Structure formats: C-alpha cells, structure tokens
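Please work through the exercises below with the sequence and the coordinates open beside you. Each task is followed by a solution that proceeds step by step.

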Amino acid sequence: MMRTAVVLAVLVGFGTLKLPIERHLAALHRQEHFHGVEFNLDLREKLGQLGFVAALSGFRAIVADALFIQAHAAWENTEWGRMLLLFRHITTLQPRVLLFWDTAAWHMAWNASVAAMNDRTQPRLALRVKAQREYFALGKDFLERGIKNNPDRPDLYEALARLYKDKYKDHEHAAEYYAKAAAVPGAAPWDRRFSAYELSYCEGREREAYERLRSLYNEGEKERLPTLIKRLKFLEDKLGIPREQRIPQENKVVK
Amino acid sequence: METRYRPFSLWRIRAITANTLTELTRLKVFYVLLVFALVLIGSSIFMAQFSFQQEFQILKDVSLGAISLFTSLLAIVATARLIPQDIEDRTLYTILAKPVPRFEYVLGRITGVLLLLAISTLLMSAGFVLVLYLREQAVVHTTLRQMSNAPPDQIADALRVIQSSAFNINIFPGIAVIYLKACLLAALTLFVSTFATSNIFTIVVMAFIYFIGHLQATAREYWLQEHGGGLITRVFLAVVTLLFPDLQAFNLVDDIVAGTAISLAVFAKTAMLGLFYTAVYTLLATFVFYGKEL
C-alpha cells in the first residue's frame, strides 16, 4: 500500500515536473512548423472514426496517403466533387506537404475546369463558364491556404503565380506572386525573371518592368535569355528609351 | 579462492541483457522485419502508377509509419511478456537466488529490449533507405533516357528535383525520435508489467496508454486553459496530463517527410524528454519490482 502511494506520488511529482518541459517543447514544435494539425470535432466528422483514431495515433501521414490514393481513383473516374472533398481532408491532415496543395489546385484549376467547360450535359455556355470560374477559384483557394500554412517555401507562391497567369490572365497578380516566390529562400532562379516578364504585360507599370528587366540584363550573359531580350526591346520601344541607353541590336541570345 | 561480491556489476547486467536478446530472438520477433519488407516492396510496386514525387512521398510516409508501428508494437509485446514469463517459467527465482540485485535484473531486461529495438529499427531503416535509393535510381535512369537531347543545365535541374524529392537527411533524426518513442513505451510497459498479473493485462493497459498518450497534449492544453470545463472534467484532464506521457511529441516524422527541417534544438530537446521518460519509468519499475512478493 505504502509502495503504491509512493509510486503515485512520484508519478504526480514527475508529471508536475515534466509539465513545463512538455509545454515548452510543444511551443517549440509549433514554432518550427511541427504538429500543425488541430484535432477537433470537425476533423473527426471529416475522417470518420477509424481515420481519426489512426491520425491521432501518429499515423496522420498514412491516412492522408490513403485518401490521396482514393482521390487519384476519383480523378480517373472524373468525380470532381468527391476529389474536392478528399483533397480538403488530405490538406487538413498534411498541411506541410506542398505536393498535396499543388496537386489539389492543379486538379481543380486545370483538370476540373476544363472538364466543366467541355461538359456536354450542360448546353448553356454561360453556366459552363460559371462552373469553370468556380473551379479556378477552388484551385486558387487551395494555393492560398497552402501558402498560409507554408509561408517559408517558394513553390506554392510560384504555383499561384502560374494560376493567375494561365487561368485568370492576370499579369499583375502573377508578377506579384512570382516576386513573392523569389523573395523566399530556396526559390528557383527564374522566379525573379518571370516576375519581371509578367510585369511587362501590365498597363501602366512598364517603367517599373523595364527597370527590373534592365537590372536583370545588366547582371550578365546568364540572364540574357531570348524572352528577356524580346520583352526589354518591346519596352524600350514603348517607353521611347533613347538609342544610346538601349541594349545592342545584335544581342547575343543565350540558348 | 573466494571472489568478493560486488553490489553492482556491469557483467551481470550484460549477461541478463544478452540473455534477454537471445530469448526474444528465439521468439522469432524479427519476423516483423519480414512483414515490414513486404509492406515496403508492396507499396513501392503499387505506387509505380503515380508521379515520382507522389510515389516518393507515399513510400516515405508508409515506410516511416510502418517503422513507427512495428517498433511500438515490438516494444510493448516483447517487454510485456518478460517478467510474467520469467515468473511462470520460474527462471526469475533461479536468477534472483543468485547474488543478483533486483535492479540489475530490471536494468538487464530493459537494456536487452532496447538493444532488440535498436537492431530492428536499424534493419528497417536500412531496408527503407535501400528501397528509396533503388526507386530514385530507377527514376534517374528513366529521366536521363528521356532527356538525352536536353541541355546539361536542364538535366542537372531535373536530377536535382528528383534527388530532393527522394532523400532528405532529416529523416535520420526522425527515425531516432521513433526509436526513442519505442524506448519510452518499453520502459512504461516494464513498469506496468511489474504490477500486472498477466502479459495480456499489460498489453491491454499499454494499448490504452498508447491512445491516451497521443491525446495527452490536447488534454494538457485544455486543462491549462482558464475556462476549461467543470470540476470533474478538470480533474480527469489533470490525471491524463500528469500521469501519461505526451506521445504526440515524438511524432515528428510526418512533418519531416513533408520537408520541415528538424533543428538541433528540437531534436535534442525531444530526445532529452524521451530519455527522461525512459529513465523515470525504469526507476519506477525497479522500485515496484523491489516490493513484489515472489
């Protein structure tokens, strides 16, 4: 009896001692982007009993992968609604996996939107366009939430820039997100260039675009790519840049 | 010549450790590795229809999840049978009839289990790294074949993308944390088995502890909130917080696979917590075992 009391006292004492350590460690984990998933009733309803228990027991990644495989099967059957739901669960479970956010956005903005536009069961063009725009918005929403969860990585900024450029033809936003991607450590070297290209298509921002493209051009041969030279020449003409300040006419193009 | 009795002997502990390892090996616990290999090969074949990023992601998730599951299961099942089995076989009486202090027996037993877990974790990790490497090489060869006419910088970029999707050096500290979690579970199982009446009881109790341990962090945060529930709820949450380990703190590998870098501070502090738990539960197991009537 005495021994049991001592054991309980030690356990409670140890529990009290470890409490601040565990809290400190949990805060450190959150600060360094670990354990970003909140286990609540909403998630429980989404995953079902078994999936929730598995996710709680440290098998969150495997549950997300199982759902990803289901989403892949749904894609093969072009079940867009089911895919949307599954990708929402997947990204809730694994908010730090860029691949899931990117794939979800790609399916919505590229695949589902094209399917909606080519939907033969919907004779009215206006409704098909509406559905297509809704899928663009869903893709954008995935990328925006992905960025919120991964502000320290450039990939999703880049994906969102691509979406603005290819789907919305919104060069201003595309330039903004390429620039944001370029500002994040580990960004691809072309992000800075792409941001300047996109800006060169924006009415009223030609001067800014010219300065950025020119500054890239001045960095050396490696940046003097065909598109950069083409856009720079276009802006020189548009802005009426004096001949002596223009880049040489027979510019060597790096292929 | 009469040899002097030593109250503490590393040789005695070593003998018990070696004996524990041999016993567990004879129980064919390493068959778990075979199951692991099947999971690994099965998942890598099945994933061939995905893009290489998706394939590597799923391969890493499934493999590390399987390592975590199998080491935890091994830790609980292997440890749960040690003391009850020794009592049933009467081996315990033979050991303790010799000048072997009980703490040396407990220490030898737990070290044997920890060694078994280390060997299993190493073998599973080696298998995982090998399969990942082979898959990576297969993708590299395919890419090189497809890009045979591309400029060298494009090929280099493509190879960089493949290599960064496949292997991540942070996986190793992640596996070390999985091992520490298994050590904690083994020590806790040993503690439960010192007052349990059968190994079934120990395993069932440990299954509950495993689930509650993963909820401990949620219970702790709720308990420490000012507005958290009524008196009974608060007492329940306090019991869960104080008496159970925070197992969620050791689930770092999901985020590591997702690309989150593990800093030295996070790894060192998590490892210290794991070692701290293991030491305390081993001490408690020793204390209870000293009072056990045999």
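The exercises that follow concern a predicted model, and they go from one chain to helix pairs, the interface, the core and single residues.

**Exercise 1. The make-up of chain B**

Task: Determine how many helices and strands chain B has, and describe its extent and its burial.

Solution: Begin with the secondary structure, where chain B shows 12 helices and 0 strands, so that its pattern along the sequence is written α-α-α-α-α-α-α-α-α-α-α-α. Next take the C-alpha trace of chain B, which spans about 80 × 65 × 30 Å along its principal axes. Then turn to burial: of the 294 residues in chain B, 43% are buried. Finally, look at the contacts in chain B with a separation of 6 or more, 82% of which join residues 24 or more positions apart.

**Exercise 2. Three helix pairs**

Task: Classify the packing of H8(A) with H9(A), of H8(B) with H9(B) and of H4(A) with H6(A) by the angle between the axes.

Solution: Two packed helices are described by the angle between their axes and the distance between the axes.

Step 1. In chain A, helix H8 (residues 190–200) and helix H9 (residues 206–218) pack at an angle of about 150°, their axes being 8 Å apart. Angles over 145 degrees count as roughly antiparallel, and H8(A) and H9(A) are therefore roughly antiparallel to each other. Their crossing is left-handed. On the side of H8(A) the contact involves Arg192(A), Arg193(A), Ala196(A), Leu199(A) and Ser200(A), which meet Glu206(A), Glu208(A), Ala209(A), Arg212(A), Leu213(A) and Leu216(A) of H9(A). Sorted by class, this contact of H8(A) with H9(A) has 5 nonpolar, 1 polar and 5 charged residues.

Step 2. In chain B, helix H8 (residues 171–195) packs against H9(B) at an angle of about 135°, with 10 Å between the axes. This angle makes H8(B) oblique to H9(B), and the crossing of H8(B) and H9(B) is right-handed. Leu188(B), Thr189(B), Val192(B) and Ser193(B) of H8(B) make the contact with Thr202(B), Val205(B), Met206(B) and Ile209(B) of H9(B). By class, the contact of H8(B) with H9(B) comprises 5 nonpolar, 3 polar and no charged residues.

Step 3. Helix H4 (residues 98–117) and helix H6 (residues 155–168) of chain A pack at an angle of about 10°, and their axes lie 10 Å apart. Since angles under 35 degrees count as roughly parallel, H4(A) and H6(A) are roughly parallel to each other. From H4(A), the residues Leu98(A), Trp101(A), Asp102(A), Ala105(A) and Ala109(A) take part, and from H6(A) the residues Asp155(A), Leu156(A), Ala159(A), Leu163(A) and Lys167(A). The contact of H4(A) with H6(A) has 7 nonpolar, no polar and 3 charged residues.

**Exercise 3. The side of chain B that touches chain A**

Task: Find which helices of chain B supply the side that touches chain A, and state its composition by class.

Solution: Start from the count of residues, in which 40 residues of chain B are in contact with 33 residues of chain A. At least two residues of this side of chain B come from each of helix H3 (52–80), helix H9 (199–224), helix H10 (231–243), helix H11 (253–257) and helix H12 (264–291). H12(B) gives the largest share, 10 residues. Taken by class, the side of chain B that touches chain A has 19 nonpolar, 15 polar and 6 charged residues.

**Exercise 4. The largest nonpolar core**

Task: Identify the residues that touch the most other members of the largest nonpolar core, and the element that gives the most to this core.

Solution: The largest nonpolar core has 132 residues, and those that touch the most other members are Leu160(A), Leu117(B), Ala186(B) and Ala187(B). H8(B) gives the most to this core, with 16 residues. To follow one of these residues further, leave out residues up to four places away in sequence; Ala187(B) then touches Ile110(B), Thr278(B), Tyr281(B), Thr282(B) and Ala285(B).

**Exercise 5. Three loop residues**

Task: Decide whether His33(A), Thr78(A) and Gln225(B) are exposed or partly exposed.

Solution: His33(A) lies in the loop between helix H1 (2–31) and helix H2 (41–76) of chain A, and its phi is near 65°, a positive value in a residue other than glycine. With 19 other C-beta atoms within 10 Å, His33(A) is partly exposed. Thr78(A), in the loop between H2 and helix H3 (80–93) of chain A, has a positive phi of about 45° although it is not a glycine. Thr78(A) counts as exposed because it has 11 C-beta neighbours inside 10 Å. Gln225(B), in the loop between H9 and H10 of chain B, likewise counts as exposed, with 11 C-beta neighbours inside 10 Å. From C-alpha to C-alpha, Gln225(B) and Tyr105(B) are 43 Å apart in space, while 120 residues separate them in sequence.

How values were computed: Residues numbered from 1 in each chain as written. Chains lettered and ligands numbered in written order. Predicted model: local features only at pLDDT ≥ 70, side-chain atom pairs only at ≥ 80, totals over all residues. Contact = placed C-beta atoms within 7 Å. Helix = DSSP H or I, 4+ residues; strand = E, 2+ residues; numbered from the N terminus. Nonpolar A, V, L, I, M, F, W, Y, C, P; charged D, E, K, R; others polar. Axes fitted to C-alpha atoms, helices over the stretch in contact; angles between N-to-C directions. Parallel < 35°, antiparallel > 145°, perpendicular 65-115°, else oblique. Left-handed = near helix turned anticlockwise from the far one by under 90°. Core = buried A, V, L, I, M, F, W, Y, C linked by C-beta atoms within 7 Å. Buried ≥ 20, exposed ≤ 12 C-beta atoms within 10 Å, placed from the backbone.
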